[in-house]
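User: Could you zoom in on a single part of this protein and take me through it in plain words? I'd like to hear what touches it and how its neighbours sit against it.

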Amino acid sequence: MHHEFWIVTTFNKIFGSAVAAALAPLGYHLDPAHAVPDYLVMCLIIFIGLTALSLLVRSRLSVENPGTLQILLEDVVGFLNGLLTDYMGPKGLRYLPLIGTVGLFIFSANMIGKVPGMMSPTANINVTVGCAITVWVFYQLMGLIEVGPINFVKHFMFMPGAPWWTCFLVFPIEVVSHLSRIMSLSLRLFGNIFGEEMVVVIIASIVPFVAPLPMMVLGLITGTLQAFVFVLLTIIYLAAAVHTDHEHEAHEHEAEAHGSA
């Protein structure tokens, strides 16, 4: 049920030959007409759009007379700051740049598919896996930096209150648990967005125009919820990584977030 999008076709007509020529020395021999896949074009559009939006808001920042867009974005930042503070305390605010960027990107990627002639890049598994790996690597690095190498390893080997010899059982379980988070984050987001888009396409092929509208409205809610769940789980994983003494609380929060998804 895959079809070409006009903006992707136009992009490849302009830049496809240059991309194919640049990748040829690396052993990638691509057709210039399909050198850049649709999901990467959509990600580029989102990147350019969010960058332009940020520069626009920055140029119009005002304390005395804030605009509607500034107020909206300040509410979003305040909401994310509240989540970070609730789960990690005051020092959680230092992670706002990553959390905000991931949240805005995923939300925009989920919503762009509702625009005629566009698709949601999060309906492609490559994008969701990329987001999940980015988050996974980040919180592992932050945990290593915050608690130190020794405590970081102990985090994988010892559970509070458990005998020391259980480390031989706990360590492989923890490793598998952490690796499975990549699959969990990526498949949940991909499955929801891809499934919603497929349902819309199928309904539109049977009864076009009017019939898909209710599903598209539902998709607005689903896309927003999935962006929130991804951000919430990222904060929970990050909180567990930098606060090893509170990991049991993090596991409880993680279970609640999985239930809401």
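Analyst: First, a helix here is a DSSP run of H or I with at least four residues, a strand is a run of E with at least two, and both are numbered from the N terminus. This is a predicted model, with local features needing pLDDT of at least 70, side-chain atom pairs counted only at pLDDT 80 or more, and totals for chains, interfaces and linings using all residues. Residues are numbered from 1 along each chain as its sequence is written, and side-chain values use heavy atoms, with hydrogens and water left out.

Let's get our bearings. The protein has 8 helices and 0 strands, so to speak α-α-α-α-α-α-α-α when you read along the sequence. Its C-alpha trace spans about 60 × 55 × 40 Å along the principal axes. Of the 261 residues, 37% are buried (under 20% relative accessible area with a 1.4 Å probe, protein chains only; exposed is over 50%, partly exposed in between). Take the contacts (heavy atoms within 4.5 Å) between residues at least 6 apart in sequence: 68% of them join residues at least 24 apart.

Our part is helix α7, residues 213-242. Start with helix α6, residues 167-206, which packs against α7 at an angle of about 175°, with the axes 10 Å apart. Those axes are lines fitted to C-alpha atoms, for helices over the stretch in contact, and the angle between N-to-C directions can run from 0 to 180 degrees. The two helices are therefore roughly antiparallel (over 145 degrees; under 35 is roughly parallel, 65 to 115 roughly perpendicular and the rest oblique).

Who does the touching? On the α6 side you'll find Arg 181, Leu 185, Arg 188 and Glu 196, among others, and they face a set in α7 that includes Met 215, Gly 219, Gln 226, Phe 230 and Tyr 237. Sorted by class, this contact has 11 nonpolar, 5 polar and 3 charged residues. For the sorting, Ala, Val, Leu, Ile, Met, Phe, Trp, Tyr, Cys and Pro count as nonpolar, Asp, Glu, Lys and Arg as charged, and the others, Gly among them, as polar.

Now swing over to helix α4, residues 96-111, which packs with α7 at about 160°, axes 9 Å apart. That makes α4 roughly antiparallel to α7 as well. From α4, the contact includes Ile 99, Val 102, Phe 107 and Met 111, while α7 supplies residues including Gly 219, Leu 220, Thr 224, Phe 230 and Ile 235. Spot the repeats: Gly 219 and Phe 230 also belong to the contact with α6. The class count for α4 with α7 is 10 nonpolar, 7 polar and no charged residues.

The next neighbour is α3, which meets α7 at an angle of about 35°, with the axes 9 Å apart. Here Phe 79, Leu 80, Leu 83, Leu 84, Tyr 87 and Met 88 of α3 meet Phe 228, Val 231, Leu 232, Ile 235, Ile 236, Leu 238, Ala 239 and Val 242 of α7. This contact is made of 14 nonpolar residues, no polar and no charged ones.

Two of those residues deserve a closer look, and aromatic pairs are the reason to look. The whole structure holds 5 such pairs, where ring centres of Phe, Tyr or Trp (its six-membered ring) lie within 6.5 Å, with planes under 30 degrees apart called stacked, over 60 edge-to-face and the rest tilted. Elsewhere, Phe 11 and Phe 15 make a tilted pair, 4.8 Å centre to centre with 45° between the planes. They both sit in helix α1 (residues 6-23), 4 residues apart, or about one turn of the helix.

Back at our helix, Phe 79 and Phe 228 also form a tilted pair, 6.0 Å centre to centre and 40° between the planes. Phe 79 lies in helix α3 (residues 68-88) and Phe 228 in α7, so this pair ties together parts that are 149 residues apart in sequence. Phe 79, at 43% relative accessibility, counts as partly exposed, and Phe 228 is partly exposed too, with 31%.
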